[in-house]
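The exercises below are to be worked with the sequence and the coordinates open. Each task is followed by a solution in steps.

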Amino acid sequence: MKIDILTLFPDSFSYLDSSIIARAKTKGLLEVNITNIRDFSSDKHKKCDDYPFGGGAGMLMMIQPLYDAIKSVKKRNSTLIFPSPRGKVFDHSDAKILAKEKHLVFICGHYEGVDERLFELFDIKQFSIGDYVLTGGELPSMVMIDSIARQVKGVISEDSLSEESFSSGALEYPQYTRPAVFKKKAVPQVLLSGNHQEIARWRKEMSKKITETNRPDLLKK
Ligand code: ADE
């Protein structure tokens with residue numbers, strides 16, 4: 001999968017150089033290119049923001065640098081994504097669907113927003129990562145890229161994906177590793193029993209309890 005990121009803050013993406021995402025890039029499963037939108041400004045001072053017509057607080061990202069930056073990376077099979085609190089709330093199923101795409105382009109807004117004509121000129125999917133407002137699209141893009149990349153075939157093991165939260169519509173059960181007792185806290189006996197049927201039953205029960213407590217809405221789906 002190829003991912004292009006268009007941003008005014010290229011340095012904020014250093015997280016993608018670490019951990020599983022970095023390994024996926026080394027393995028050739030993922031290619032990530034970061035483009036500075038400012039490089040496309042036709043203004044002599046490389047200006048990318050301006051005041052909103054009609055007045056109002058703050059500055060907007062201008063359409064020209066955005067338009068040219070998108071044109072420089074977009075292909076026929078590209079899926080364009082714009083993180084925004086106005087978008088559909090991004091979830092596990094969106095990550096799985098987007099992981100099957102060949103080319104994703106993340107367009108990061110900043111300041112008070114972007115010139116709305118962006119959404120008339122291009123077919124763009126808008127996603128929110130939750131009901132709160134962030135200062136720009138950089139963090140939401142990284143959140144989505146992390147969640148999509150781990151669903152790309154070969155990035156992490158199929159077993160890890162099938163057992164995790166949301167994969168079955170419920171939250172994941174608790175897990176433990178050695179030592180079996182720490183500060184007088186023992187691991188649940190059933191996990192040491194070797195009885196795989198009982199372990200599976202316990203995990204399902206715990207998963208249900210945690211989901212009922214923290215996310216009852218998931219059980220209704
Ligand atoms: N940009 C600002 N806030 C955001 C949010 N909650 N989700 C996605 N993009 C955003």
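**Exercise 1. Backbone outliers**

In which helix is the place of serine 19? Examine its phi, then treat phenylalanine 166 and the peptide bond before proline 179 in the same manner.

Solution. The model is a predicted one.

Step 1. Serine 19 belongs to helix 1, which covers residues 19-26. Its phi is positive, about 60 degrees, although serine 19 is not a glycine.

Step 2. Phenylalanine 166 sits in the loop between helix 6 and strand 8. Here too phi is positive in a residue other than glycine, with a value near 80 degrees. The relative accessible area of phenylalanine 166 is 38%, so the residue is partly exposed.

Step 3. The loop between helix 6 (158-163) and strand 8 (181-182) also holds proline 179. The peptide bond that joins arginine 178 to proline 179 is cis, with omega about 5 degrees.

Step 4. These cases are worth listing because most residues other than glycine have a negative phi, and most peptide bonds are trans.

**Exercise 2. The ligand shell**

Describe the residues around the ligand and the contacts made by ligand nitrogen.

Solution.

Step 1. List the shell: Pro83, Ser84, Pro85, Phe127, Ser128, Ile129, Gly130, Tyr132, Val133, Leu134, Gly136 and Pro140.

Step 2. Sort the shell by class: 8 residues are nonpolar, 4 are polar and none is charged.

Step 3. Assign the shell to strands. At least two residues come from each of strand 5 (78-89) and strand 7 (124-128). Strand 5 gives the most, with 3 residues.

Step 4. Look for polar atoms of the backbone. A polar backbone atom of tyrosine 132 is 2.7 Å from a nitrogen atom of the ligand. For serine 84, a polar backbone atom is 3.0 Å from a ligand nitrogen. For glycine 130, a backbone N or O atom is 3.1 Å from a nitrogen atom of the ligand.

Step 5. Assess the cover. The ligand taken alone exposes 260 Å², of which the protein buries 96%.

**Exercise 3. Cysteines**

How many disulfides does the count come to? Give the reason from the sulfur positions.

Solution.

Step 1. The cut-off for a disulfide is a pair of cysteine sulfur atoms within 2.5 Å.

Step 2. For cysteine 48, the closest cysteine sulfur is that of cysteine 108, 13 Å away, so the pair is too far apart for a bond.

Step 3. The count is therefore 0 disulfides.

Step 4. Check accessibility. Cysteine 48 is buried, at 2% relative accessibility, and cysteine 108 is also buried, at 1%.

**Exercise 4. Buried or exposed**

Are glycine 56 and threonine 211 buried or exposed? Place each in its element and describe one spatial relation.

Solution.

Step 1. Glycine 56 is in the loop between strand 3 (49-50) and strand 4 (60-61). At 59% relative accessibility it counts as exposed.

Step 2. Glutamate 112 is 56 residues from glycine 56 in sequence, while their C-alpha atoms are 9.7 Å apart.

Step 3. Threonine 211 is part of helix 7 (residues 196-214). Its relative accessible area is 0%, so threonine 211 is buried.

Step 4. A polar side-chain atom of threonine 211 is 2.6 Å from the backbone oxygen of serine 207.

**Exercise 5. Domains**

What domains does the assignment of the chain give?

Solution.

Step 1. The assignment gives domain 1 (2-159) and domain 2 (168-220).

Step 2. Taken over C-alpha atoms, the centres of domain 1 and domain 2 are separated by 36 Å.

Definitions and conventions:
Residues numbered from 1 in each chain as written. Predicted model: local features only at pLDDT ≥ 70, side-chain atom pairs only at ≥ 80, totals over all residues. Heavy atoms only, no water. Near = heavy atom within 4 Å. Polar contact = N/O pair within 3.5 Å; in protein donor to acceptor, adjacent residues only side chain to side chain. Areas by Shrake-Rupley, 256 points an atom, 1.4 Å probe, with all protein chains shown as cover. Helix = DSSP H or I, 4+ residues; strand = E, 2+ residues; numbered from the N terminus. Nonpolar A, V, L, I, M, F, W, Y, C, P; charged D, E, K, R; others polar. Buried < 20%, exposed > 50% of the residue type's maximum accessible area, 1.4 Å probe, protein only. Domains from an automatic or database assignment.
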